[in-house]
Amino acid sequence: MSDDYLVRIGKLIRDARQHRGWTQTQLAEALGTSQSAVNRIERGNQNISLEMIARIGEALDSEIVSLGYAGPMHLRVVGGRRLSGAIDVKTSKNACVALLCASLLNKGRTVLRRVARIEEVYRLLEVLNSIGVRTRWINDGVDLELVPPAELEMAAIDAEAAVRTRSIIMFLGPLLHRMDAFKLPYAGGCDLGTRTIEPHMIALRRFGLDIAATEGQYHARVDRTVRPDRPIVLTERGDTVTENALLAAARHDGVTVIRNASSNYMVQDLCFFLETLGVKVEGIGTTTLTVHGMPNIDVDVDYSPSEDPVEAMSLLAAAVVTESELTVRRVPIEFLEIELAVLEEMGLDHDRSPEYCADNGRTRLVDLTVRPSKLEAPIDKIHPMPFPGLNIDNVPFFAAIAATAQGQTLIHDWVYDNRAIYLTDLNRLGGRLQLLDPHRVLVEGPTRWRAAEMMCPPALRPAVVVLLAMMAAEGTSVLRNVYVINRGYEDLAERLNSVGAQIEIFRDI
């Protein structure tokens, strides 16, 4: 077989395995081979017979393995339907990926409850598996168990999986405590313009980490004589930057003060997890964190990440755009209060239940019921701010919401270089969005949505916004190559169908 076909077959087998909820080790056991052999097959680095393909198909109960290459996934959307009933918010994508990286701090067994089954998580699991971490889905595939090896095999890292996720950058904090030198592939993820790692390096240099970037890799070296002797001031109040600093501080033998820290939802979840490891963290929810590190962490822990406020906002926006009455359950209210205040100003009719506690015992949840509303454009512009301001990732949903409102809304997405540009894809569906510059969009409403066929934007949140507009548009729309949506949402089409949407998943023959 040619190398191209081997790669295609390998990807197809990997997708089928993940759909089954199996690790590479579990598939290897079913086939009577080694995990490393399965890894080579999935990466297209090993010749594979038709007999082996058939055996894999039988083991995974997946006929498609024997039929050929599964092309990109597309969505066919029959719009103009009203949603009804109730839908639960899944656990936080961004918290889950941070906790996967944080598991490298622990020499013991880590169990994470109700982990989001999304492509971003799958890519990180492939990377963790490739360097020797044993992972398996337990409790009917709901929870995830991780057991690290005594020594990580960094030379065997799955570079292909690593470059498809920006989350790989959060390996730097834990790894600097485990080895004096290592290499990591460049971080990837959404196409959101230029995003350097310099803010990460400003923080991590204080722990002795030095990086040279060459030939598609970060070459890292650690000087053990360097220790943070004064508070670390982050030059960017970013979520992953704060998380990396926390991960480095967690196993630093001493007290680390981190200033200008993000206090966003995923950072708080990481802090709660670190506390289960025995690391004391003061100032959770504020911009100054004091971390009492533990140079050796070897405990068996069990942690439940909280629900995702951005997914909650996605589901609320789906109800608003389709003019539906819908109850969104398990909404982490403290991370959506500004968004709801803006929506109330615009005229949103909604109720919220009394607050109750998330499974982590810390995050406050409510159930929100949204009703069809006559919205007016807000007087002020929509713009993000660090928590407790309007969440950066929730800004795109206001483009679709503003398109349903009467009047003009200015959206200023100042954080990312080109995400606002992708919002103008709504014009293909009947929207009236005017791009003022790479960061500002003027939205005119109300909109008479119309069906269209188009490619999925390469950024996660704008891609979902386009899907929501298709749900509101009369007729049948097609959204092609939705991998980016699967990076951040678990079974989104099926879940929306459960409350009245009509979305069909298909692939090209």
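These are my notebook entries on the domain layout, one domain interface and some strand pairing in a predicted model.

**Entry 1: domains**

I started with the domain assignment. It splits the protein into domain 1 (2-60), domain 2 (73-90 + 307-507) and domain 3 (93-303). Domain 2 is thus listed in two segments. I then took the pair of domain 1 and domain 3 and looked up the separation of their C-alpha centres, which is 29 Å.

**Entry 2: the interface of domain 1 and domain 3**

How many residues of each domain are in contact here? I find ten on domain 1 and 16 on domain 3. The area buried between domain 1 and domain 3 is about 1000 Å², and carbon and sulfur atoms account for 36% of it.

Next I checked charges across this interface. The rule gives three salt bridges between domain 1 and domain 3. I looked up the pair Arg 14 and Glu 126, which form a salt bridge with their closest N and O atoms 3.4 Å apart. The cut-off for a salt bridge is 4 Å, so this pair qualifies. For polar contacts between domain 1 and domain 3, I noted a count of one residue pair, with both residues at pLDDT 80 or more.

I then asked which helices supply the side of domain 1 that touches domain 3. Helix H1 (3-20) and helix H3 (35-42) each give at least two residues to that side. H1 has the largest share, with four residues. Sorted by class, the side of domain 1 that touches domain 3 has six polar and four charged residues, and no nonpolar ones.

**Entry 3: the hairpin of E7 and E8**

I moved on to the strands. Strand E7 (residues 209-214) pairs with strand E8 (residues 217-222) in the antiparallel sense, over six bridges. To fix the register, I noted that Ala 220 in E8 stands opposite Ile 211. E7 and E8 make a hairpin with two residues between them. In its turn, Glu 215 has a positive phi of about 50°.

**Entry 4: the four-stranded sheet**

I also looked up an open sheet of four strands, whose order is E9-E10-E12-E11 and whose pairing is mixed. Which strands stand at its edges? They are E9 (232-233) and E11 (280-282); each has a single partner strand, so one side of each lacks a neighbour in the sheet.

Within this sheet I checked the pairing of E10 with E12. Strand E10 (residues 255-259) and strand E12 (residues 288-292) are antiparallel, over five bridges. For the register, I recorded Val 291 in E12 as the bridge partner of Thr 256.

Terms used:
Residues are numbered from 1 along each chain as its sequence is written. This is a predicted model: local features need pLDDT of at least 70, side-chain atom pairs count only at pLDDT 80 or more; totals for chains, interfaces and linings use all residues. Side-chain values use heavy atoms; hydrogens and water are left out. Domain bounds come from an automatic or database domain assignment. Contact means heavy atoms within 4.5 Å. Buried area is the accessible area (1.4 Å probe) that two parts lose on being put together, summed over both. A salt bridge is a side-chain nitrogen of Lys or Arg within 4 Å of a carboxyl oxygen of Asp or Glu. A polar contact is a pair of N or O atoms within 3.5 Å; within protein, one must be able to donate a hydrogen and the other to accept it, and residues adjacent in sequence count only if both atoms are side-chain atoms. Ala, Val, Leu, Ile, Met, Phe, Trp, Tyr, Cys and Pro count as nonpolar, Asp, Glu, Lys and Arg as charged, and the others, Gly among them, as polar. Two strands pair if DSSP finds at least two bridges between them.
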